[in-house]
Amino acid sequence: MIEYELEAITEAAIELVKDQPYAIKCEYDEEQKKCVVKEWGEGVTPPSDSDLATKQAEKLAHITYIKNRKLEYPDFGTQLDYIYHNGIEKWKTDIVDPVKTKYPKPS
């Protein structure tokens, strides 16, 4: 989960300062027990802590949703074999729909 958090804070930080030249360094802070931006780069005006936290939460929800779905689906070969033997509609109801129900898109 730390990987997801690190990816989320990095994406959030980049999005919030994308109109500035930036050199962002994010890492897990053992003392704070969370992922933080350690460096913004020279001349960067960092966003507020609340803006960064909000954007990070959005990014984390999206990243978690994508990665969970990806892990849940069988590999492509298995899915194609299922389609060949059972048809597209059965594949949708038996494989796709349960994963989409289990991991709905974040709002």
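Buried means under 20% relative accessible area, exposed over 50%, and partly exposed in between, with a 1.4 Å probe and protein chains only. The model is predicted, so local features need pLDDT of at least 70 and side-chain atom pairs count only at pLDDT 80 or more, while totals for chains, interfaces and linings use all residues. Residues are numbered from 1 along each chain as its sequence is written, and side-chain values use heavy atoms, with hydrogens and water left out.

**Exercise 1. Sort Q79 and E58 by burial, then look at what Q79 touches.**

Step 1: start with Q79, which sits in helix α3; helices here are DSSP runs (H or I, at least four residues), strands are runs of E (at least two), and both are numbered from the N terminus.

Step 2: Q79 counts as buried because its relative accessibility is 8%.

Step 3: E58 belongs to helix α2, and its relative accessible area of 44% is why it goes down as partly exposed.

Step 4: back at Q79, contact (heavy atoms within 4.5 Å) links it to Y73, P74, W91 and I95, leaving out residues up to four places away in sequence. Its side chain also reaches the backbone oxygen of P74 at 2.7 Å.

**Exercise 2. Find what happens at the two ends of α3.**

Step 1: at the N-terminal end of α3 (residues 76-86), D75 is the cap, with a side-chain oxygen 3.0 Å from the backbone nitrogen of G77.

Step 2: just after α3, look at G87, which takes a positive phi of about 90 degrees.

**Exercise 3. Work out the largest nonpolar core and place A13 in it.**

Step 1: a nonpolar core is a set of buried Ala, Val, Leu, Ile, Met, Phe, Trp, Tyr and Cys residues joined through side-chain atoms within 4.5 Å.

Step 2: the largest one has 10 residues: I9, A12, A13, V17, C26, C35, V37, W40, V44 and L52. Helix α1 (2-16) and strand β2 each supply at least two of this core's residues, and α1 gives the largest share, three residues.

Step 3: beyond its neighbours within four places in sequence, A13 is in contact with I24, V37, W40 and L52.

Step 4: for background, nonpolar side chains tend to be buried together in soluble globular proteins.

**Exercise 4. How far apart are E58 and T101 in sequence and in space?**

Step 1: along the sequence, E58 and T101 are 43 residues apart.

Step 2: C-alpha to C-alpha, E58 and T101 are 20 Å apart in space.

Key
A polar contact is a pair of N or O atoms within 3.5 Å; within protein, one must be able to donate a hydrogen and the other to accept it, and residues adjacent in sequence count only if both atoms are side-chain atoms.
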